[in-house]
Amino acid sequence: MGKMPDGKARTALSEDALEPDPKLPPTSVDDAVREAEERKWTPTKIAIWAAISLLGGVSWFMLAIIRGETVNAIWFVFASVCTYLIGYRFYSKVIERYITRPNDRRATPAEYKADGKDYVRTDRNVLFGHHFAAIAGAGPLVGPVIAAQMGYLPGTIWIIIGVVLAGAVQDYLVLFFSMRRGGRSLGQMAREELGVIGGTAALIATLLIMVIIVAILALVVVNALGESPWGVFSVGMTIPIALFMGVYLRFIRPGKVMEVSLIGFVLLMAAIIGGGAVAGTEWGAAFFHLDKVTIAWGLIVYGFIAAILPVWLLLAPRDYLSTFMKIGVIVMLALAIIVVRPEITVPAFSEFASRENGPVFPGALFPFLFVTIACGALSGFHALISSGTTPKLIEKERQARLIGYGGMLMESFVAIMALVAAISIDRGLYFAMNSPAALTGGTVQTAATWVNSLGLAGVNITPDLLAETARNVGEESIVSRTGGAPTLAVGLAHIMQQFIGGTAMMAFWYHFAIMFEALFILTAVDAGTRVARFMLQDSIGNFIPKFKEHSWRPGAWLCTAVMVLAWGAVLLMGVTDPLGGINTLFPLFGIANQLLAAIALSVCLAIAARRASFKYLWIVAVPLAFAAVVTITASFQKIFSPVPAVGYFANNAAFSKALADGKTEFGTAKTVAAMEAVVRNTMIQGWLSVIFVVLSIIVIITAMVATVKAFRDAKQGVAHADHEDPAVPSRAYAPAGFIPTPAERELVAEWNKLPADLRLEKSAHH
Amino acid sequence: MNAILEGFRGFARYFGGVMGADAYAKYLEHHEASGHAEAPMTEREFWRDHTDRQDNNPQGRCC
């Protein structure tokens with residue numbers, strides 16, 4: 001096979017065999033023409049990019065350097081959007097040129113495996129929205145809120161720079177490599193590229209990580225709904241609404257997706273408004289006033305039933321509702337922030353940025369800020385989505401950059417908006433809402449006294465403000481409403497009421513926000529349980545073959561029960577934790593998510609090395625190294641730190657010692673039972689951290705080994721196995737980006753002139 | 001007025017695409033183009049098959 005100095009020779013070899021159909025126009029813009037187009041800098045183009053750079057620079061300057069008394073929210077929008085545009089236009093093209101090297105003459109799985117069902121060529125603009133809806137959920141709405149403890153700047157920098165150099169890179173690479181493999185999953189790719197040990201470690205890690213992620217998402221919902229009759233009613237109503245939609249779609253009017261979504265949306269709004277009325281009545285307030293433990297058990301039972309019910313009855317209709325809300329809410333949030341442009345009074349770096357004992361989440365800025373904000377900057381969970389449905393729908397290889405890289409930039413923008421919404425509220429209010437009840441004492445008086453005693457600059461909160469805010473949003477209390485969702489809801493209500501409706505509408509907006517976050521999370525919980533159950537069934541199936549039959553009821557129910565109990569146990573642990581569940585568990589969520597990112601990037605590194613892109617391997621290696629350093633450091637601190645607030649085992653030892661000394665209360669645990677709970681929880685959390693980090697290190701090491709082997713093989717000119725599907729010539733054409741270039745337009749015109757019988761069926765074009 | 005209506009229709013079509021409302025139309029297109037001899041599934045059959053296949057191929061939703 002000869003030398004492969006930069007890998008191009010090898011790729012070209014397999015792709016030279018692509019014989020285009022002579023009756024068809026070219027299926028790709030000529031490389032030389034595209035290069036010339038990209039290299040040509042017209043005065044307009046220069047002016048546009050100069051303006052974008054200038055605006056971005058000024059915005060960053062306003063955020064990072066000037067930092068006056070207040071800073072306007074609009075600078076967050078400009079700084080992020082300009083940076084995304086530059087990252088997309090310049091950096092993602094570097095990745096495309098040197099790592100992915102797409103070839104539009106090759107057919108995508110949607111073309112060569114087309115079946116009209118799973119493999120369907122989808123218009124790039126539609127697929128962009130579809131992929132975005134699949135990756136964005138409650139994560140980017142929650143992490144940045146919790147991270148705001150450190151001030152706005154660290155989170156903002158990490159969200160924007162992190163996505164450009166790490167998060168979007170991961171999404172794009174996984175999407176592309178999966179597309180070249182007919183849409184294979186991350187687990188299958190890990191097995192192929194890293195061998196049995198690396199593949200198995202990746203599989204177990206993925207399964208455990210899913211359990212943790214589902215549990216902590218569920219914890220966010222429980223915290224938002226605890227002692228909130230209005231929230232419990234309106235979120236509870238989503239279940240009958242979804243069931244109705246499911247029956248409607250199955251039996252009454254099959255396929256009328258938009259129609260039923262609209263009906264569902266109207267019912268949802270009615271449920272929110274009705275929730276206020278119900279919570280206002282005495283029986284309503286009594287009946288729907290549930291404590292967190294009850295809600296957690298309800299969610300566990302619900303999770304099991306939802307995961308064994310057929311998809312059409314609950315999951316599919318709620319998925320439609322969730323997607324419908326997602327797009328609407330995000331557009332609304334963006335509009336409101338741009339129109340209202342709230343002034344932000346939070347400092348760039350708060351007092352907690354340089355300390356380890358923040359009340360919202362413990363630990364130093366490095367590494368804990370980087371794990372607290374996972375979704376929006378770098379989210380390993382996306383690798384599971386990018387290697388699932390989306391690669392089976394892409395029309396042309398060059399579109400992967402728009403869908404994968406661009407889609408993740410959009411999610412990052414959502415995270416920025418969530419951050420803005422959360423920091424637009426009073427800082428004292430922020431700490432009163434996000435600190436565990438063990439610290440605030442749970443009442444408006446104790447909370448106000450405690451927050452004022454923190455000695456934060458410019459913070460002087462009155463019990464009246466806490467009581468009044470609770471009244472405005474229609475809640476009994478907002479003290480210690482941890483988990484991020486209620487804070488975001490207050491922030492959103494605060495912004496939206498200036499836009500539509502005034503104070504009278506605040507309660508509606510608050511519950512609207514709680515509703516959509518709960519909707520996203522419940523969908524993720526359902527889908528996550530199902531995916532985990534299949535993974536478990538397949539794993540057990542290696543030993544007991546009967547389990548591989550997915551339709552075998554006892555096996556399916558047993559595995560579902562195991563997964564639900566696993567996340568349910570973690571959820572209950574978080575709900576009953578005397579230290580405040582979010583406070584101790586959220587770091588585990590971030591660590592789990594980013595260890596998954598490290599695993600995904602490891603697989604990408606090995607694949608990129610196999611494709612012999614050594615000179616530019618740093619594009620993958622840099623985010624991998626960063627994710628690995630952050631998560632391994634965070635794990636080590638969680639395992640070995642002698643500070644009880646940070647280290648699980650240190651905390652365990654402190655409470656065990658207190659129990660041994662015969663103390664009946666210790667720290668924030670006021671009873672012996674609570675102290676025993678802390679001992680138990682910290683032990684479980686500590687060992688989970690150990691297992692995660694060990695599995696991830698195994699995966700990273702096997703990826704390194706695969707990379708070095710690829711390097712040696714290339715040096716010696718040895719051919720190595722390639723796991724891509726064989727190249728098939730494409731018979732269709734579509735432009736790569738949102739806006740076609742002149743050359744692309746010319747080619748599209750040529751294809752449009754083609755007689756209908758020669759054309760492949762057209763995907764929906766608009 | 002027509003332009004506004006057209007714009008709204010375009011948006012509705014796009015939104016429908018994102019939601020996956022046009023899956024049946026696409027299936028019919030594919031069926032016709034690939035020249036299958038047997039008749040395509042009816043709309044009702046298609047959507048049943050659509051969700052029933054999801055029962056066996058669950059897709060994650062992100063956090």
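**Exercise 1. The second largest pocket**

Work out which helices of chain A each supply at least two residues of the lining of the second largest pocket, and which one gives the largest share.

*Solution.* Keep in mind that this is a predicted model.

Step 1: go through the helices. Those that each put at least two residues into the lining are H2 (31-39), H3 (43-66), H4, H17 (400-423) and H29 (742-752), in chain A.

Step 2: pick out the main contributor. That's H4(A), with 7 residues, the largest share of the lining.

Step 3: look towards the middle. Of the 37 lining residues, Trp49(A), Tyr88(A), Arg89(A), Arg401(A) and Ile739(A) lie nearest the centre of the pocket.

Step 4: sort the lining by class. You should get 19 nonpolar, 13 charged and 5 polar residues.

Step 5: add the volume. The second largest pocket holds about 1,300 Å³ of space.

**Exercise 2. Two arginines with positive phi**

Arg101(A) has a positive phi, and so does Arg341(A). Find where each one sits in chain A, then decide for each whether it is buried, partly exposed or exposed.

*Solution.* Step 1: check the angles. Phi is near 45 degrees at Arg101(A), which isn't a glycine. Arg341(A), not a glycine either, has a phi of about 45 degrees.

Step 2: place them. Arg101(A) is in the loop between helix H4 (74-100) and helix H5 (109-112). For Arg341(A), look in the loop between helix H14 (315-340) and strand S2 (343-344).

Step 3: apply the cut-off. Arg101(A) has a relative accessible area of 11%, so it is buried, since buried means under 20%. Arg341(A) comes out at 43%, so it counts as partly exposed, the class between 20% and 50%.

**Exercise 3. A cis peptide bond**

Find the element that contains Pro367(A) and describe the peptide bond from Phe366(A) to Pro367(A).

*Solution.* Step 1: Pro367(A) belongs to helix H15 of chain A, residues 365-372.

Step 2: read omega for the bond from Phe366(A) to Pro367(A). The value is near 5 degrees, and the bond is cis.

**Exercise 4. Chain A meets chain B**

Describe the contact between chain A and chain B by residues, buried area and salt bridges.

*Solution.* Step 1: count residues. Chain A brings 61 and chain B brings 34.

Step 2: take the area. The two chains bury about 4,100 Å² between them, with 60% of it on carbon and sulfur atoms.

Step 3: count salt bridges between the chains. There are 5.

Step 4: inspect the pair Arg530(A) and Asp55(B). They form a salt bridge, and their closest N and O atoms are 3.7 Å apart. That fits the cut-off of within 4 Å.

Note on methods: Residues are numbered from 1 along each chain as its sequence is written. Chains are lettered from A and ligands numbered from 1 in the order in which they are written. This is a predicted model: local features need pLDDT of at least 70, side-chain atom pairs count only at pLDDT 80 or more; totals for chains, interfaces and linings use all residues. Side-chain values use heavy atoms; hydrogens and water are left out. Helices (H or I, at least four residues) and strands (E, at least two) are DSSP runs, numbered from the N terminus. Buried means under 20% relative accessible area, exposed over 50%, partly exposed in between (1.4 Å probe, protein chains only). On a 1 Å grid over the protein atoms alone, a cavity is a set of points where a 1.4 Å probe fits but cannot get out, and a pocket is an open set with protein on both sides within 12 Å along at least five of seven lines; lining residues have an atom within 4 Å of a point. Grid points are joined across faces, edges and corners, and a volume is the space filled by probe spheres set on the points. Ala, Val, Leu, Ile, Met, Phe, Trp, Tyr, Cys and Pro count as nonpolar, Asp, Glu, Lys and Arg as charged, and the others, Gly among them, as polar. Contact means heavy atoms within 4.5 Å. Buried area is the accessible area (1.4 Å probe) that two parts lose on being put together, summed over both. A salt bridge is a side-chain nitrogen of Lys or Arg within 4 Å of a carboxyl oxygen of Asp or Glu.
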